[in-house]
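Got the model open in your viewer? Let's take a walk through it, one selection at a time.

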Amino acid sequence: MTSRYRATESVNSPSPRRRTVVKAAAATAVLAGPLVAALPAGAATETPAFLHGVASGDPLPDGVLLWTRVTPTAEAVPGSGLGPDTEVSWTVATDKAFTNIVSRGSLTATAASDHTVKADIRGLAPATDYFFRFSAGGTDSPAARTRTAPAADANVTGLRFGVVTCANWEAGYFSSYRHLAARGDLDAWLHLGDYIYEYKSGEYAARGTVVRQHAPTNEIITLADYRTRHGKYKTDPDLQALHSKAPVIAIWDDHEFADNAWSGGAVNHTEGAEGTWTARQAAAKQAYFEWMPVRPAIEGTTYRRLRFGKLADLSLLDLRSFRSQQASSGSGAVDDPDRTITGRAQLDWLKAGLKASDTKWRLVGNSVMIAPFVIGSLTADLLKPLAKLLDLPQDGIGVNTDQWDGYTDDRRELLAHLRSNAIGNTVFLTGDIHMSWANDVPVDAGTYPLSASAATEFVITSVTSDNLDDIVKVPEGTVSALAAPLIQLANRHVHWVDTDRHGYGVLDITADRAQMDYYVLSDRTSATATSSWERSYRTRSGTQKVERTYDPV
């Protein structure tokens with residue numbers, strides 16, 4: 001080993017702000033009782049335990065962020081605010097047996113951070129597999145693998161990422177995570193939002209049926225609620241398995257807060273009756289950063305940028321914290337230049353990063369679809385004057401104004417920036433819509449394909465959340481067979497759409513092309529669901545267009 005692997009005695013992460021913890025017997029009865037559901041059966045213990053697995057995230061060439069949650073005592077369940085301060089040590093090695101230790105240190109888990117800890121490890125070698133574990137009170141956590149990013153100037157021949165989104169606990173099992181974990185070939189995996197859902201039990205399940213009940217059973221509103229829901233998710237064995245095999249790179253969407261969240265509220269939030277949006281949003285963000293191995297570049301947001309040698313950089317967006325309230329779908333307000341999905345600062349940051357990028361590929365982690373999706377489009381020469389006269393959207397009648405379709409001025413500015421600066425090989429990686437799509441991203445959808453394509457987009461379907469066939473309760477594939485041809489007829493930049501299936505993606509990048517393999521599950525309601533390859537699409541370097549390919553990587 002070279003000197004770069006010198007063991008470190010500790011990593012000093014910023015300590016969370018301490019708060020007063022009520023430990024009276026009455027509080028214990030009120031808080032700990034309902035929250036014990038977040039623990040696995042038989043988990044009550046008086047010795048420290050690692051019941052929520054371990055995870056890593058946001059890989060850098062010289063480091064990675066490590067995460068765990070320790071349960072120091074039986075009553076210290078997620079969200080309870082109970083339990084003593086507990087020293088948690090971490091160890092990083094180059095081998096599974098931990099005989100060659102390269103870094104170690106310790107942190108203190110407290111009730112103020114819900115007994116979660118993060119260690120931001122540095123001094124590691126680029127593009128290297130490492131193994132890590134935590135220890136507390138003589139108990140070791142499970143061991144896990146992580147991987148650092150390539151050096152910034154490395155000539156990387158290939159990258160491979162798992163891609164997932166929209167995992168609703170009550171709608172099924174997380175078999176997508178299990179199948180990705182079993183691959184063993186991922187540099188990292190991207191979670192594009194809706195890692196958790198906020199609904200009360202039974203409100204949003206599998207075609208109305210609760211497959212497995214989450215905790216707490218009420219809609220999550222308070223800090224304790226959000227912590228408990230995150231804790232419940234982290235008990236899932238398939239999710240733990242994937243976290244133990246590769247680092248995650250995550251952004252949030254709306255359900256980490258509440259449905260259709262925007263900067264000042266959400267569709268699924270009643271001001272006053274459910275407290276203030278400001279308090280709820282702050283609670284959701286605090287719990288997210290406690291429970292997720294995410295390294296925010298800007299306090300309180302998830303927009304940041306990672307680099308993977310000379311092959312690709314990845315700009316990750318926060319499309320909830322700064323956006324204007326959604327407009328009605330038939331309104332010309334979607335074109336209002338004073339409305340934004342990114343906020344001015346984030347859009348300027350994204351544009352500057354894309355222009356300055358010297359990598360072969362520019363990936364954008366994007367929680368909602370950027371390609372236009374319209375119905376009833378007229379030809380461009382008729383649409384624009386009529387739309388202006390009747391106060392209708394100038395790009396056609398958008399179906400979902402929670403997407404970039406509801407914020408067309410930001411989209412036009414971004415796409416014009418790509419075109420005017422000749423920025424090629426930009427690929428948007430998108431979640432949210434519970435469907436699979438392969439799209440060109442046209443500068444002018446009304447005249448496409450005669451107009452240019454500024455970028456491409458791969459949209460991944462949900463892990464478990466209802467698709468269109470689930471909403472109308474018809475056999476899988478029924479809606480897609482009818483809807484897909486109509487969608488493509490009205491949206492000529494859409495190469496493929498599957499409205500009906502659940503699954504995940506595998507993104508493979510080389511200098512020549514970026515390819516997305518789409519995989520589907522046999523049955524989201526089965527804990528032993530199988531997966532199968534459905535289709536693959538790629539964009540070849542320099543084309544800004546999607547094409548079908550017939551072999552998965």
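**Stop one: two packed helices**

Select Leu223, Tyr226, Arg227, His230 and Gly231 in helix α3, and you'll find them meeting Arg280, Ala283, Ala284, Gln286, Ala287, Tyr288, Glu290 and Trp291 in helix α5; contact here means heavy atoms within 4.5 Å. By class, this contact has seven nonpolar, three polar and three charged residues. For those classes, Ala, Val, Leu, Ile, Met, Phe, Trp, Tyr, Cys and Pro count as nonpolar, Asp, Glu, Lys and Arg as charged, and the others, Gly among them, as polar.

Before going further, note that this is a predicted model, in which local features need pLDDT of at least 70, side-chain atom pairs count only at pLDDT 80 or more, and totals for chains, interfaces and linings use all residues. Residues are numbered from 1 along each chain as its sequence is written, and side-chain values use heavy atoms, with hydrogens and water left out.

Now show α3 (residues 223-233) and α5 (residues 277-291) as ribbons: they pack at an angle of about 35 degrees, with axes 8 Å apart. Axes are lines fitted to C-alpha atoms, for helices over the stretch in contact, and angles run from 0 to 180 degrees between N-to-C directions. Helices (H or I, at least four residues) and strands (E, at least two) are DSSP runs, numbered from the N terminus.

**Stop two: another pair**

Next, pick α6 (residues 344-356) and α8 (residues 408-420), whose axes come within 10 Å and cross at roughly 15 degrees. That makes α6 and α8 roughly parallel to each other (angles under 35 degrees count as such, over 145 as roughly antiparallel, 65 to 115 as roughly perpendicular and the rest as oblique). Color Arg344, Leu347, Leu350, Lys351, Leu354 and Lys355 in α6, then Asp410, Glu413, Leu414, His417 and Leu418 in α8, which they meet. The residues of this contact divide into five nonpolar, one polar and five charged.

**Stop three: a helix and its surroundings**

Jump to α2 (residues 175-183), where the buried residues are Ser175, Ser176, Tyr177, His179, Leu180 and Ala181. Buried means under 20% relative accessible area, exposed over 50%, partly exposed in between (1.4 Å probe, protein chains only). What do the buried residues of α2 pack against? Light up β9 (159-164), β10 (188-191), α4 (237-243), β21 (503-509), β22 (513-521) and β23 (531-540) to see. After α2 comes Gly184, with a positive phi near 75 degrees.

**Stop four: three buried residues**

Go to Val117 in strand β5 (residues 116-121). Val117 has a relative accessible area of 5%, so it counts as buried. Beyond its neighbours within four places in sequence, Val117 is in contact with residues including Leu66, Trp67, Val88 and Phe134.

His493 sits in the loop between α10 (478-490) and β20 (494-498), and is buried with a relative accessible area of 1%. Its side chain reaches the backbone oxygen of Pro372 at 2.6 Å.

Finish with Thr464, in the loop between β19 (453-459) and α9 (468-472). Is Thr464 buried or exposed? It's buried, with a relative accessible area of 0%. A polar atom of the Thr464 side chain lies 2.7 Å from the backbone nitrogen of Asn168.

**Zooming out**

Show everything again: the protein has ten helices and 24 strands, and buried residues make up 60% of its 553 residues.

Key: Polar contact = N/O pair within 3.5 Å; in protein donor to acceptor, adjacent residues only side chain to side chain.
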